[in-house]
Amino acid sequence: MVQVLTGGEWSAQRDPVAFSARHRPLFATDRWGVLLHRDQTYLGRSLVYLRARVIADPLEVTRDERDELWDKVLPDLATALAAAFAPDRLNYAHLANKRHHVHWHVVPRYEREPERHFAGRRFVDRRPGQIFRLKRRRGKVPDEVLDAIAAELRARLPGG
């Protein structure tokens, strides 16, 4: 079952892996957590992580964990991103270079119209058709903008 959690409810959770408090909670299941990433170089960039237990290798994910991720969590996030910001595609990246825990970066890509406006800000996909690249300063937005993006995505979740 998917729960839509607010920031206060999210911080009350005792997930085995802690990510930056600047990320904004979007929703969670018993197994998976979904956060709006604090770096919004790409509007709607999110983070999906295994919250049920700590493992470093995605090949260690159980069948139930995998099925929930692929059949519920990622499709629900993709639906919300499509409804809110209409990206042309989503990039899914499991890198685990800094955080050695199973998690995916979900990066919306905007090719046909690389420029988007939301919450009074301009977002531009400067690398359409190429691998995404993150620049810390370019992706930094005020807390109010992060909150607005998170609220928009939560409102667009199936059943939200």
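Accessible areas here come from the Shrake-Rupley method with a 1.4 Å probe, and for residues only the protein chains shown count as cover. This is a predicted model, in which local features need pLDDT of at least 70, side-chain atom pairs count only at pLDDT 80 or more, and totals for chains, interfaces and linings use all residues. Residues are numbered from 1 along each chain as its sequence is written, and side-chain values use heavy atoms, with hydrogens and water left out.

Q: What share of the accessible surface of the chain belongs to carbon and sulfur atoms?
A: The accessible surface of the chain comes to about 8,500 Å². The part belonging to carbon and sulfur atoms is 48%.

Q: Which element of the chain has the lowest mean pLDDT?
A: pLDDT is the predictor's confidence in each residue, from 0 to 100. The chain has a mean of 86, with 85% of its residues at 70 or more. Helices (H or I, at least four residues) and strands (E, at least two) are DSSP runs, numbered from the N terminus. Among these elements the highest mean, 97, belongs to helix α2 (residues 63-85), and the lowest, 49, to helix α1 (residues 7-12).

Q: In what pattern do the elements follow along the sequence?
A: The chain has four helices and seven strands. Read along the sequence, they give α-β-β-β-α-β-β-β-β-α-α.

Q: Which element gives the most to the largest nonpolar core?
A: A nonpolar core is a set of buried (under 20% relative accessible area) Ala, Val, Leu, Ile, Met, Phe, Trp, Tyr and Cys residues joined through side-chain atoms within 4.5 Å. The largest has 32 residues, and Leu-26, Trp-32, Leu-77 and Phe-85 are among those with the most contacts inside it. Elements supplying at least two residues each include β1 (24-28), β5 (103-109) and α4 (143-156). With eight residues, the top contributor is α2.

Q: Which residues does Leu-77 touch, not counting residues up to four places away in sequence?
A: Contact means heavy atoms within 4.5 Å. By that criterion, the residues touched by Leu-77 are Leu-26, Phe-27, Val-34, Ser-46, Val-48 and Val-106.

Q: What is the relative accessible area of Ala-86?
A: Most residues other than glycine have a negative phi. Ala-86 has a positive phi, near 50 degrees, and lies in the loop between α2 and β4 (89-93). Ala-86 is partly exposed (from 20% to 50%), and its relative accessible area is 43%.

Q: Where does Ala-119 lie?
A: Ala-119 is not a glycine, yet its phi is positive, about 50 degrees. Ala-119 is partly exposed, with a relative accessible area of 42%. Its place is in the loop between β6 (115-118) and β7 (121-124).

Conventions: Buried means under 20% relative accessible area, exposed over 50%, partly exposed in between (1.4 Å probe, protein chains only).
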